[in-house]
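Welcome, and thanks for taking a look at this one with me. Please keep the view open while you go through the points below.

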Amino acid sequence: MHAQAEALWTLVRARWEQLHRQPEAGYSTETVLVTALLVVAALAVVSIMAAKVIEKANGITL
């Protein structure tokens with residue numbers, strides 16, 4: 001997992017440096033990054049809600 005995080009961080013830094021060399025290309029990259037962060041946040045919220053619903057359903061006794 002650590003190697004994957006390092007690879008992701010290296011990719012993000014490379015893209016960031018590329019943005020500074022080509023400022024006019026920044027809007028689309030920024031939009032992609034913000035969208036990706038929102039998707040990750042949404043997946044986290046959905047997984048937390050699903051875990052709570054499953055926990056509640058397993059607690060029901062018949």
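1. Does Leu8 count as buried or exposed, and at what relative accessibility? Bear in mind that the model is predicted. Leu8 counts as exposed because its relative accessibility is 53%, and the cut-off for that class is over 50%. You will find Leu8 in helix H1.

2. Now turn to the surface around this residue. Leu8 joins Trp9, Leu11 and Val12 in a nonpolar patch. Together these residues have about 420 Å² of accessible area.

3. Next, the largest pocket. The space in it comes to about 240 Å³. Two elements each give two or more residues to its lining: helix H1, spanning 2-21, and helix H2, spanning 26-58. H2 provides the largest share of that lining, with six residues.

4. If you would like to pick out the lining by name, it includes Leu8, Leu11, Val12, Arg15 and Trp16. Also on the list are Thr29, Val32, Leu33, Ala36, Leu37 and Val40. By class, nine of the lining residues are nonpolar, one is polar and one is charged. Leu8, Leu11 and Val12 appear both in this lining and in the surface patch.

5. Finally, have a look at Val34, which lies in helix H2. Val34 counts as partly exposed because its relative accessibility is 41%, and that class runs between 20% and 50%. Val34 and Gln22 are 12 residues apart along the chain, and 19 Å separates their C-alpha atoms.

Conventions. Residues numbered from 1 in each chain as written. Predicted model: local features only at pLDDT ≥ 70, side-chain atom pairs only at ≥ 80, totals over all residues. Heavy atoms only, no water. 1 Å grid on protein atoms, 1.4 Å probe; cavity = no way out; pocket = protein on both sides within 12 Å on 5 of 7 lines; lining within 4 Å. Points joined across faces, edges and corners; volume = space filled by probe spheres on them. Helix = DSSP H or I, 4+ residues; strand = E, 2+ residues; numbered from the N terminus. Nonpolar A, V, L, I, M, F, W, Y, C, P; charged D, E, K, R; others polar. Patch = residues over 30% accessible without salt bridge, like charges linked within 9 Å, V, L, I, M, F, W, Y side chains within 5 Å. Areas by Shrake-Rupley, 256 points an atom, 1.4 Å probe, with all protein chains shown as cover. Salt bridge = Lys/Arg side-chain N within 4 Å of Asp/Glu carboxyl O. Buried < 20%, exposed > 50% of the residue type's maximum accessible area, 1.4 Å probe, protein only.
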